[in-house]
Amino acid sequence: MVEGSKETLTNDHHGWLKAKAWKLHKKMVELLNNATKVGKDDPRRIVHSLKLGLAITTVSLFFYFEPLYDGLGASSIWAIITVVVVFEFSVGATLGKGMNRAIATLIAGAIGFGAHYITSFTGNIWHPILLGILIYTISATASYCRFFPKLKAKYDYGLLIFILTFNMVALSGFRDDEILKLAWHRLANILVGAFIAVAICIFVRPVWAGADLHQFVATNIENLGTFLEGFGIEYFGACQGEMVGGGNVMKYRSVLCSKQNEEALAYQATWEPPHGKFRLCHPWKQYQKIGTLSRDCAYCFEILNLYLNTDQIQLPLEIQRQYQEQCVQVCIESSKALKAMAKALRDIVPPALAKSHIEIAKKTAGELKLLLASSHFHGDMNMVSTTTLILLLIDSFSCVEKIVDSIHELVSLARLNTALQKSDVTPTEQKGSGDKASSQPHHIVTIAQSQFAE
């Protein structure tokens, strides 16, 4: 009996160990699969990790070689800390953080040394009191500045480093007579760490935030064009048996949530030196303007999408056939214009092909208005949905016109090729057509924005 119970316990123990080992094996396989997926989604992430390891190894030489260690002192650990904190995925983000850290350290070190030097003349009693008042005032003011939207977006990290460095230098000077040496060592180590991080980030397989922003905005415009093409065929051309893949059509929704990413990339791109097709003073802010217009377009599409997914607002075939040809043509031509603009934006050339598509769509939109005004379906409740749909299509076309004008403006500001600026269609002429479109009411877009926000 006892031997049998021991054998049962042993078997149970072995079974428990096998179950635990199997669970551990499954978790390891899942972790390996996730790591492989992250690397396959963007191989630059693997390169970034290797670059960070190289930067830390390089800066750690200050500890291995005695002459370097003696030159920068025991505070050379700040060089390693700077590399870890500053080294970011893109060149722009690394430069932005590095400059914020270096400038904040320089200013805070100077102010901290000045505060210690001035208060030291007040005697042993008033010295700590006045120093405490300065520390309280400057720290509180810098902390409050972090709540300002513009300062928080661009210099939040710099303000944080300013508070940290100022207090370290000011307080260390109260107990240490070599305050100037301390401030110099800290600044020198931060500059060295930031320089190594920036150098490796730029010269070893660089990732440019400007190039990512350029591609990101162009892809968003292309996704908008895909939706318009799919909507025109699926809603009005279903009787012809034509369909477009729903997965690609719904990619326009990524545009609705693109603002934060665009703003971050645009800010990082402003720190980057000229590279590739992006010269000095490239108009990065213009990308944000194009992104805003793209989101306005996407808000219109969010309402248009209801016509695809809701049976209750499907129009009768008689009404559909009356407006089918014009509606499909507006959708198709606007879609072609958007895709032509996406290609033009990638190459930074004037969207010449988009002009012909815009002219056809504009002429067809005018025909739609006349057809709607002379419709014999007056009094029919279905005409409410028809009128809303046509107004949405016209409003969407107006947004497309504005995007065309903005891309013309971006190409003009970029000045990458002066010959391209002498094309038949100048940015000024296109801007005139965009201004006419902008005079149309956009209350439908406002409703869509409020619904999406909810």
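Me: What makes α6 and α7 roughly antiparallel to each other?
Reply: In this predicted model, α6 and helix α7 (residues 123-145) pack at an angle of about 150 degrees. Angles over 145 degrees count as roughly antiparallel, so α6 and α7 get that label. Their axes are 9 Å apart, and the crossing of the two is right-handed.

Me: Then why is α5 called oblique to α6?
Reply: Helix α5 (residues 77-86) meets α6 at an angle of about 140 degrees, again with the axes 9 Å apart. Roughly antiparallel needs an angle over 145 degrees, and roughly perpendicular covers 65 to 115. The angle for this pair fits neither label, so α5 is oblique to α6. As for handedness, α5 and α6 cross in a right-handed way.

Me: And what makes α6 and α13 roughly perpendicular to each other?
Reply: Here the packing angle is about 70 degrees, and the axes of α6 and α13 lie 7 Å apart. The range for roughly perpendicular is 65 to 115 degrees, so α6 and α13 belong there. This crossing is left-handed.

Me: On to the pockets. How do you know that the largest pocket lies between domain 1 and domain 2?
Reply: Look at who supplies the lining. Domain 1 (16-203) and domain 2 (209-421) both give residues to it, so the pocket lies between them. The elements that give two or more residues are α6 (91-119), α8 (149-175), α13 (259-271) and α14 (284-309).

Me: Which residues lie nearest the centre of the largest pocket?
Reply: Ala153, Lys154, Glu263, Ala264 and Tyr267 do, out of 24 lining residues. The pocket's volume is about 690 Å³.

Me: What puts Lys154 and Glu263 in one class, and Ala153 in another?
Reply: Lys and Glu count as charged, whereas Ala counts as nonpolar. Taken by class, the whole lining of the largest pocket has 10 nonpolar, six polar and eight charged residues.

Me: How do you know that the lining of the second largest pocket has no charged residues?
Reply: Go through the names: Met99, Asn100, Ile103, Ala104, Ile107, Leu151, Tyr155, Gly158, Leu159, Phe162 and Trp271 line the second largest pocket. Charged means Asp, Glu, Lys or Arg, and the count for this lining comes to nine nonpolar, two polar and no charged. Asn100 and Gly158 are in that lining, and Gly counts as polar.

Me: Which helices each supply at least two residues of that lining?
Reply: Those are α6 and α8. The volume of the second largest pocket is about 200 Å³.

Technical notes:
Residues numbered from 1 in each chain as written. Predicted model: local features only at pLDDT ≥ 70, side-chain atom pairs only at ≥ 80, totals over all residues. Heavy atoms only, no water. 1 Å grid on protein atoms, 1.4 Å probe; cavity = no way out; pocket = protein on both sides within 12 Å on 5 of 7 lines; lining within 4 Å. Points joined across faces, edges and corners; volume = space filled by probe spheres on them. Helix = DSSP H or I, 4+ residues; strand = E, 2+ residues; numbered from the N terminus. Domains from an automatic or database assignment. Axes fitted to C-alpha atoms, helices over the stretch in contact; angles between N-to-C directions. Parallel < 35°, antiparallel > 145°, perpendicular 65-115°, else oblique. Left-handed = near helix turned anticlockwise from the far one by under 90°.
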